[in-house]
There are 2 protein chains.
Amino acid sequence: MPMRPTTKDLAKAAGVSLATVDRVLNGRTGVREKTVKAVNEAIERIGFERNQVAATLARQRGYRFVFALPRSGDEFLEEIVDRIREFDKAGRAEMIEADVIRIDDHDPHRAARTLSRLSPEDLDGIAIMAPETPQIRDALHRMRERGIRTIPFVANQQEEGEEGFVGIENRAAGATAGRLMGRFLGGRSGSIVALTETTQSRDSLERRLGFDRIINRDYPDLRILPTLETHGDPGRAQHVLRNALKAHDDVVGLYFMGAEARVPIEVARVLNATEGRVTIAHERTPSTENALKDGTVDAVIHQDPGHLVRSAVRILRAKCENRTTLASQERIRTEILIAENI
Amino acid sequence: MPMRPTTKDLAKAAGVSLATVDRVLNGRTGVREKTVKAVNEAIERIGFERNQVAATLARQRGYRFVFALPRSGDEFLEEIVDRIREFDKAGRAEMIEADVIRIDDHDPHRAARTLSRLSPEDLDGIAIMAPETPQIRDALHRMRERGIRTIPFVANQQEEGEEGFVGIENRAAGATAGRLMGRFLGGRSGSIVALTETTQSRDSLERRLGFDRIINRDYPDLRILPTLETHGDPGRAQHVLRNALKAHDDVVGLYFMGAEARVPIEVARVLNATEGRVTIAHERTPSTENALKDGTVDAVIHQDPGHLVRSAVRILRAKCENRTTLASQERIRTEILIAENI
DNA sequence: CATTTTTTGAGGTACGTACCTCATTTTTGT
DNA sequence: ACAAAAATGAGGTACGTACCTCAAAAAATG
């Protein structure tokens with residue numbers, strides 16, 4: 001068992017004292033540039049790696065991470081919340097806490113204010129799932145300046161400045177749905193109904209783009225109708241779906257693009273709309289799971305909430321410890337679920 | 001921040017000394033049943049949870065886990081090995097080591113001897129991927145008696161005694177392949193060629209069972225031919241595949257059940273066998289990935305090697321610390337890969 | 001009851017890092 | 001060259017647990 005070099009070894013190797021090593025390692029002030037470089041050089045030379053176990057123990061307060069999620073929640077969001085709670089429980093032994101705060105997704109100012117109130121005393125990092133508004137972007141920027149690590153979560157923030165996004169690429173997810181739709185239809189021709197809560201959300205937009213790309217390029221006999229919106233309202237959902245089916249007698253496929261597939265699924269059941277048609281939805285939830293099992297839905301495009309949560313924590317923690325993560329390991333997969341591999 | 005109770009608090013609550021708490025917590029001998037119960041009762045009462053961070057630090061030697069993998073390796077195995085190495089590197093900061101040893105899968109006695117040589121000094125736990133032979137089973141049993149935690153890895157060991165298996169359920173994986181085959185064929189009728197290295201392996205057997213179940217039940221127009229064996233030999237593979245295609249002019253699908261899809265894929269390319277047919281393989285590897293991209297293979301049934309490795313480590317570690325894991329979180333998913341979600 | 005055996009307590013050190021204080025040295029500005 | 005400021009060193013404590021020794025107490029044995 002090869003003894004790993006400790007801070008003591010590092011101090012000796014760099015020709016400085018333990019105190020200075022500590023200053024450099026933890027980015028404290030009052031160290032000459034020259035000394036910093038000497039220490040860093042020694043780190044490379046002897047291959048020093050901070051013992052995170054000892055470090056966490058020493059800095060009494062472990063890590064505390066917060067997930068900022070929209071208040072208005074769908075089923076999938078609930079799954080995520082459950083996973084966060086689960087992680088929090090399991091993480092206690094590792095001195096890692098994970099909490100949830102809800103932010104007003106309909107009121108960006110209020111949301112930004114909520115974020116502004118968070119201080120580095122309360123948390124070390126935050127994973128944020130929020131619409132991209134200037135207010136939110138600003139709030140995030142200020143948090144980072146206060147020393148809180150941030151990471152976009154599930155809903156992408158365009159901002160290229162910060163690396164590390166936890167979630168799937170929705171274009172690819174839409175393309176996956178498109179390919180399955182095309183293959184499951186096996187050469188049939190006709191129209192496809194695309195349904196979502198609101199076309200305003202970037203997720204839906206990108207999914208639709210990916211979906212379109214595949215269908216239009218590879219399945220010329222299929223035609224995708226303009227996206228229908230439910231606004232989360234079952235009544236409206238039923239209305240628009242019925243109208244669409246009435247207006248087009250050649251509908252062969254249904255694509256539910258939103259995260260809340262529950263409403264479309266229920267409505268489709270009532271209208272008996274999936275019979276003889278291929279139906280594809282997003283995100284595994286109790287609703288979509290049941291629908292897969294009873295055949296209402298043929299495939300579900302999914303991202304694993306447990307992976308989302310754990311990956312976010314790993315990345316945030318790495319940021320806190322100035323480590324890098326293996327991007328390959330943190331990539332969230334776009335999963336395909338059918339009745340057989342649920 | 002609610003202070004978590006420490007061993008000191010526990011000692012006070014149980015009315016015993018720190019030394020006794022230590023004895024109970026670490027399962028040492030020389031403690032009266034009555035005392036043990038008193039301590040355990042106090043643990044429940046005050047909600048004591050061992051601080052694993054401090055514990056790992058204190059027991060100098062962190063954890064050392066070994067993956068015992070068959071020597072004769074396919075591409076998928078190489079992926080797994082890469083993930084283990086990756087984990088080992090990343091795990092050093094957490095004081096967790098992960099190593100690989102290769103065992104002779106063709107010589108159970110030699111394999112068993114290799115395992116017998118491992119002592120608790122060398123490792124804390126082992127994840128084993130090996131055929132189920134009495135010799136191996138015995139060796140595992142003896143290891144457990146020596147205090148080494150064991151867990152079957154990817155290849156299931158029937159043995160119901162030990163819980164925790166890391167890998168997918170191959171019946172379900174086969175069923176998934178079957179469903180995709182049926183749907184992708186979209187009502188066409190004909191024969192399906194099933195190919196594997198050897199029908200002796202339980203993995204292949206179970207996959208075939210799952211595959212058959214779906215096809216026979218739901219796709220009466222499809223007929224699965226007797227399983228062909230390659231024994232890993234390209235020449236033989238080409239021979240049996242060509243013969244099958246010659247004997248049956250109605251082959252509409254190919255199912256590569258083994259973990260080494262490289263050979264069948266290459267052979268199929270040479271014979272131009274996939275053109276106009278649906279082809280499904282197992283495990284994502286460079287070969288299957290390329291085949292997906294260029295259309296040689298239509299879908300790949302997969303289990304993520306990174307997840308496999310991390311899950312095995314989590315479970316082994318939990319066993320070492322007498323903790324339980326959330327089975328739901330440790331279940332390895334049977335993934336479906338197509339060109340769009342690779 | 002005396003003696004052996006078992007059980008328990010008291011106290012210590014160690015793990016590797018964080019974080020603190022204070023003295024001392026080195027550098028900077030004038 | 002001098003004072004002021006900045007940089008560094010020396011030494012300490014703490015985190016919560018593991019693991020060790022030795023003495024003392026309690027229980028079991030005859």
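This passage goes through the DNA contacts of a predicted model, then the interface between its two protein chains, and then one residue inside chain B.

Starting with DNA strand C, 27 residues sit around it, and the ones that come nearest are Thr7(A), Arg50(A), Ser17(B), Thr20(B) and Thr35(B). The backbone of the strand takes up much of this: sugar and phosphate account for 74% of the atoms of DNA strand C that come within 4 Å of the protein. Several side chains reach phosphate oxygens here. For Arg50(A), an N or O atom of the side chain is 2.4 Å from a phosphate oxygen of DNA strand C, and for Thr20(B) the corresponding distance is 2.6 Å. Gln60(B) joins in as well, with a polar side-chain atom 3.1 Å from a phosphate oxygen of the strand. As for secondary structure, at least two residues of the surface near DNA strand C come from each of α4 (52-58) of chain A, α2 (18-25) of chain B and α4 (52-58) of chain B. Sorted by class, that surface has 10 nonpolar, 10 polar and 7 charged residues.

Over at DNA strand D, there are again 27 surrounding residues, and the closest are Ser17(A), Thr20(A), Thr35(A), Thr7(B) and Arg50(B). Sugar or phosphate makes up 75% of the atoms of DNA strand D within 4 Å of the protein, with bases making up the rest. Thr20(A) places a polar side-chain atom 2.6 Å from a phosphate oxygen of DNA strand D. Arg32(A) also meets a phosphate oxygen of this strand, but through a polar backbone atom, at 2.8 Å. Arg23(A), by contrast, goes for a base: a polar atom of its side chain lies 3.0 Å from a base oxygen of DNA strand D. Helices α2 (18-25) and α4 of chain A, along with α4 of chain B, each contribute at least two residues to the surface near DNA strand D. The class breakdown for this surface reads 10 nonpolar, 10 polar and 7 charged.

Next comes the protein-protein interface. Here 46 residues of chain A are in contact with 47 residues of chain B. Together the two chains bury about 4400 Å², and carbon and sulfur atoms give 49% of that area. Three residues stand out on the chain A side: Arg183(A), Arg333(A) and Glu340(A) supply 15% of the area that chain A buries against chain B, more than any other three residues.

There is plenty of polar chemistry to look at across this interface. The count of salt bridges between chain A and chain B is 10, and one of them pairs the side chains of Arg179(A) and Glu340(B) at 2.8 Å, N to O. Polar contacts between the chains come to 16 residue pairs, taking pairs with both residues at pLDDT 80 or more. On chain A, the elements that each supply at least two residues of the side touching chain B are α4, α8 (170-185), α13 (305-320), α14 (327-330) and β11 (335-337). Of these, α8(A) gives the most, with 7 residues. That side of chain A holds 18 nonpolar, 10 polar and 18 charged residues.

Finally, a look at Thr196(B), found in strand β5 (residues 190-196) of chain B. Thr196(B) counts as buried because its relative accessibility is 4%, under the 20% cut-off. Leaving aside residues up to four places away in sequence, Thr196(B) touches Ser204(B), Thr227(B), Leu228(B), Glu229(B), Thr230(B), His231(B), Met257(B) and Gly258(B).

Definitions and conventions
Residues numbered from 1 in each chain as written. Chains lettered and ligands numbered in written order. Predicted model: local features only at pLDDT ≥ 70, side-chain atom pairs only at ≥ 80, totals over all residues. Heavy atoms only, no water. Near = heavy atom within 4 Å. Polar contact = N/O pair within 3.5 Å; in protein donor to acceptor, adjacent residues only side chain to side chain. Helix = DSSP H or I, 4+ residues; strand = E, 2+ residues; numbered from the N terminus. Nonpolar A, V, L, I, M, F, W, Y, C, P; charged D, E, K, R; others polar. Contact = heavy atoms within 4.5 Å. Buried area = accessible area lost by both parts, 1.4 Å probe. Salt bridge = Lys/Arg side-chain N within 4 Å of Asp/Glu carboxyl O. Buried < 20%, exposed > 50% of the residue type's maximum accessible area, 1.4 Å probe, protein only.
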